[in-house]
Amino acid sequence: MDSFIAFMEKHFIPHASKIGTQRHLVAIRDAFVVSMPLMILGSLAVLLNNLPIPVFQDFMNNVFGEELWKSFGGSVWNGTFGILSVLISFLVARNLANHYGKDGISAGVVSVASFFTLGGATGMSSNGLFIALIVGLVSAEIFSRLVGNDKLVIKMPEGVPPAVATSFAALLPAMITISIFGLIYTIFMAFGVTDIIESFYELVQQPFMGLANSLPSAMLLAFITPFLWFFGLHGANMVEPLMQSINAPAITANAEAITAGKVAPYIVNKPFFDSFVNLGGTGATLGLIIAIWIFGRRNKAYKVVTGLSTAPGIFNINEPMMFGLPIVLNPIMFIPFILTPVILVTVAYAATSLGLVPAAVTMPPWVTPPIIGGVLATQSIAGGVLAALNLLISVVIYAPFVKIAEIQAIKKEAAEQA
């Protein structure tokens, strides 16, 4: 194990670290972090409108009328998921321009204008997300390069307010950037593509979501995040851009299907991982905490760290375990930390695909305690039962490794006393 860790630190970690700090991926990740509260609120609005409790639905319909009381959730969805692509287009461009030391606000505004130039009015919700990401990155690259060119600066006379001077300095770069996207739209029109957003969604985005919805891809995602974390890299942050590009459209499609009385089409999404896999955080470390309380009480070091980590772990915060136990570069914990999420994904995917548990259609806050999160994500008690089962499985997997660590700790303590 030591030779494996040394090999990974020498040949793998430097490249993975570069990927984790790559400016385009960081811009995408941070954009989704900012928009996360809106996505959670939109999911809760869908949950409220479709809460599977007949007594509640009948009461609200009789007192307020179905159209009136559901208008609240509908309007909230329109202000969150309904404009998600527009927000992402702005935030990605702003973040990337800020990285280059340019005016991020202007870059974000130009990106939104470019998005609508490509026909973004038909794809403001999550179906235009991929196009929004591309437009945000490309427009920011173009704008950031043009805005630094002295030949494109309209100089204003002295005494002009700084805000006015700044806007005129960005005028020509903004016009050129938006015009480039207008030219792209015209070219597509010449080839008979009248709706770029919808065409891209049908040809690329939807097939990609279907591919990412498979069990092998879910197992791969479950493996990558803890694998990176083991070497001290924030795996969740590195995988987040990919997860969110899959997550938002899948949540929207599932919610729309449920509203229409159909079966949710996508199993794999972020609440699927949050509710059934990352129980206590990456690696399902709440199971490790429980296993230590039950089977590792004689390991004094583990017991102290676990006592400090229990409360955060209930709310899916596991950094105290990662670096305090530690799990990072801990050879004993390598196998269960990597293996547990893969097994939990397999169990959860099988239960959902067999119809034993509904697919996740809402996105509870990631700090929602396990079991409760499963109920909220699936709008079903079955989701809570599955989460409880997976938590039990994680305890069973971690238990023998906790005993191994305890035995080694006792031997080390005895040797030191001798």
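The following legends describe an overview and several close-up views of a predicted model of one protein chain.

**Figure 1. Overview of the protein chain, which has 20 helices and zero strands.** The C-alpha trace spans about 85 × 60 × 45 Å along its principal axes. Of the 418 residues in the chain, 49% count as buried. The accessible surface comes to about 19100 Å², and carbon and sulfur atoms make up 71% of that area. Among contacts with a separation of 6 or more, 75% are between residues 24 or more positions apart. The chain carries 19 positive and 20 negative charges, and the mean positions of these two sets lie 12 Å apart.

**Figure 2. A nonpolar patch on the surface, formed by Ile314, Phe315, Ile317, Trp366 and Val367.** Together these residues have about 410 Å² of accessible area. Ile314 belongs to helix α16, which covers residues 300-314. With a relative accessibility of 35%, Ile314 counts as partly exposed, because the partly exposed class lies between under 20% (buried) and over 50% (exposed). Phe315, also part of the patch, lies in the loop between α16 and α17 (319-324).

**Figure 3. Phe315 and its surroundings in the loop between α16 and α17.** The relative accessible area of Phe315 is 42%, so this residue is partly exposed. Apart from its neighbours within four places in sequence, Phe315 is in contact with Trp366, Val367 and Pro369. Two of these, Trp366 and Val367, are also members of the nonpolar patch. Lys270 is 45 residues from Phe315 in sequence, and the C-alpha atoms of the two residues are 16 Å apart in space.

**Figure 4. Asn316, a residue with a positive phi in the loop between α16 and α17.** Most residues other than glycine have a negative phi. Asn316 is not a glycine, yet its phi is near 65°. Is Asn316 buried or exposed? The relative accessible area of Asn316 is 8%, so the residue counts as buried. Phe315 lies in this loop as well, but Phe315 is partly exposed.

**Figure 5. Ala284, a residue with a positive phi in the loop between α14 and α15.** Helix α14 covers residues 270-276, and helix α15 covers residues 285-295. The phi of Ala284 is about 50°, a positive value although the residue is not a glycine. Ala284 has a relative accessible area of 0%, so it is buried.

**Figure 6. The cis peptide bond between Leu325 and Pro326.** Most peptide bonds are trans. The bond that joins Leu325 and Pro326 is cis, with an omega of about -10°. Where does Pro326 lie? Pro326 is in the loop between α17 and α18, and helix α18 covers residues 331-353.

**Figure 7. Ile176 in helix α10, which covers residues 171-190.** Ile176 is partly exposed, because its relative accessible area is 33%. Which residues does Ile176 contact, leaving aside its neighbours within four places in sequence? The contacts of Ile176 are with Leu146 and Leu152. Pro370 is 194 residues away from Ile176 along the chain, and 50 Å separates the C-alpha atoms of Ile176 and Pro370.

Note on methods
Residues numbered from 1 in each chain as written. Predicted model: local features only at pLDDT ≥ 70, side-chain atom pairs only at ≥ 80, totals over all residues. Heavy atoms only, no water. Helix = DSSP H or I, 4+ residues; strand = E, 2+ residues; numbered from the N terminus. Buried < 20%, exposed > 50% of the residue type's maximum accessible area, 1.4 Å probe, protein only. Contact = heavy atoms within 4.5 Å. Areas by Shrake-Rupley, 256 points an atom, 1.4 Å probe, with all protein chains shown as cover. Lys, Arg positive; Asp, Glu negative; His and termini not counted. Charge placed at Lys NZ, Arg CZ, Asp CG, Glu CD. Patch = residues over 30% accessible without salt bridge, like charges linked within 9 Å, V, L, I, M, F, W, Y side chains within 5 Å. Salt bridge = Lys/Arg side-chain N within 4 Å of Asp/Glu carboxyl O.
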